[in-house]
Amino acid sequence: MKLVVAIPALNEAATVGRVIREARVALRDTPHEVVVVDDGSTDTTVSEARAAGAVVVLHGINRGVGVAFQTGVREALARGADILVHLDADGQFNPADIPALLAPVLDGSADIAICSRFLKDEFRPAMPAVHTVPAPVTVLDPALAVTVPVEYGATVWITLSRLR
């Protein structure tokens with residue numbers, strides 16, 4: 001099994017090194033690689049990430065977190081990853097929780113695990129209120145279209161698997 005931790009980053013020099021080091025500690029018994037996708041940082045994010053042992057993929061210019069996430073997925077697949085953990089560089093998710101996020105994927109009970117910042121009040125980040133309101137998403141079914149609420153995309157922590 002090959003595990004890749006992908007971390008999109010933009011001007012996160014103050015936190016990215018700590019996040020990488022804490023992820024490495026949390027995964028000390030699991031072979032893994034850490035890939036930081038630098039999305040055009042103008043600070044020392046790149047050198048901090050490299051110093052902490054991450055492989056760094058450079059966008060050169062800011063392309064947005066969505067593109068950085070896609071780049072992380074592509075890089076993980078290019079490296080032969082069976083499992084991808086997406087982790088924010090700002091430290092809003094505790095890397096020590098990675099094993100708990102991986103557990104349902106590793107035991108075969110899930111192909112994807114998603115952690116929400118909004119399930120418990122103590123995990124809610126400080127963010128504009130507009131980002132805490134569920135967004136309507138239209139899901140098309142052959143018989144009908146339904147609208148369901150989903151949380152703001154930046155509030156989730158995702159683990160994906162292609163083991164099965």
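## A salt bridge within helix α1

At 33% relative accessibility, Arg-18 counts as partly exposed. Glu-22 is likewise partly exposed, at 31% relative accessibility. The two residues form a salt bridge in this predicted model, and their closest N and O atoms are 3.5 Å apart. Side chains of opposite charge can pair when their charged atoms come close.

Arg-18 and Glu-22 are four residues apart in helix α1, so about one helical turn separates them. An α-helix has 3.6 residues a turn, so residues three or four places apart point the same way.

## The chain as a whole

The chain has 164 residues, and buried residues make up 40% of them. There are four helices and eight strands. Read from the N terminus, the elements follow the order β-α-β-α-β-α-β-α-β-β-β-β.

About 8900 Å² of the chain is exposed, with carbon and sulfur atoms supplying 58% of that area. Of the contacts between residues at least 6 apart in sequence, 66% join residues at least 24 apart.

## The buried residues of helix α1

Helix α1 also has buried residues: Val-16, Gly-17, Val-19, Ile-20, Ala-23 and Ala-26. What do the buried residues of α1 pack against? They pack against two strands, β1 and β2, and two helices, α2 and α4.

## Thr-15, just ahead of the helix

Thr-15 belongs to the loop between β1 and α1. Is Thr-15 buried or exposed? Its relative accessibility is 15%, so Thr-15 counts as buried; the cut-off for buried is under 20%.

Leaving aside residues up to four places away in sequence, Thr-15 touches Ala-89 and Asp-90. A polar atom of the Thr-15 side chain lies 2.7 Å from the backbone oxygen of Ala-89.

## Strands β1 and β4

Strand β1 covers residues 3-9, and it pairs with β4 in the parallel sense over four bridges. One of the paired positions is Val-5, whose bridge partner in β4 is Val-85.

Strand β4 consists of residues 83-86, and both of its faces are covered. On one side Ile-83 and Val-85 are buried, and on the other side Leu-84 and His-86 are buried. In a regular strand the side chains alternate between the two faces of the sheet.

## Two nonpolar cores

The largest nonpolar core has 26 residues. Which residues have the most contacts inside this core? They are Ile-7, Ile-20, Val-36 and Leu-87. At least two residues of the core come from each of β1, α1 (16-26), β2 (32-38), α2 (45-51), β4 and α4 (98-106). Apart from this core lies another, of seven residues, including Ala-6, Ala-76, Ala-81 and Leu-84.

Ile-7 shows what such contacts look like for a single residue. Not counting residues up to four places away in sequence, Ile-7 touches Val-19 and Ile-20, then Val-34, Val-35, Val-36 and Val-37, and also Leu-87, Asp-88 and Ala-89.

## Salt bridges between distant parts

The count of salt bridges comes to four. One of them joins Lys-2 and Glu-33, with the closest N and O atoms 2.9 Å apart. Lys-2 lies in the segment before β1 and Glu-33 in strand β2, so this pair ties together parts that are 31 residues apart in sequence. Lys-2 has a relative accessible area of 29%, which makes it partly exposed.

Glu-33 also meets the side chain of Arg-79 in a salt bridge, at 2.8 Å from N to O. This pair links distant parts of the chain, since Arg-79 is in the loop between α3 and β4, 46 residues from Glu-33 in strand β2. Arg-79 counts as partly exposed, at 25% relative accessibility. Which residues are joined into one network by salt bridges that share partners? They are Lys-2, Glu-33, Glu-75 and Arg-79.

## Gln-70 in helix α3

Helix α3 spans residues 65-78, and Gln-70 is found in it. With a relative accessibility of 42%, Gln-70 counts as partly exposed. The C-alpha atoms of Gln-70 and Ala-6 are separated by 9.9 Å, while the two residues are 64 residues apart along the chain.

Conventions. Residues are numbered from 1 along each chain as its sequence is written. This is a predicted model: local features need pLDDT of at least 70, side-chain atom pairs count only at pLDDT 80 or more; totals for chains, interfaces and linings use all residues. Side-chain values use heavy atoms; hydrogens and water are left out. Buried means under 20% relative accessible area, exposed over 50%, partly exposed in between (1.4 Å probe, protein chains only). Two strands pair if DSSP finds at least two bridges between them. A nonpolar core is a set of buried Ala, Val, Leu, Ile, Met, Phe, Trp, Tyr and Cys residues joined through side-chain atoms within 4.5 Å. Contact means heavy atoms within 4.5 Å. Accessible areas come from the Shrake-Rupley method with a 1.4 Å probe; for residues, only the protein chains shown count as cover. A polar contact is a pair of N or O atoms within 3.5 Å; within protein, one must be able to donate a hydrogen and the other to accept it, and residues adjacent in sequence count only if both atoms are side-chain atoms.
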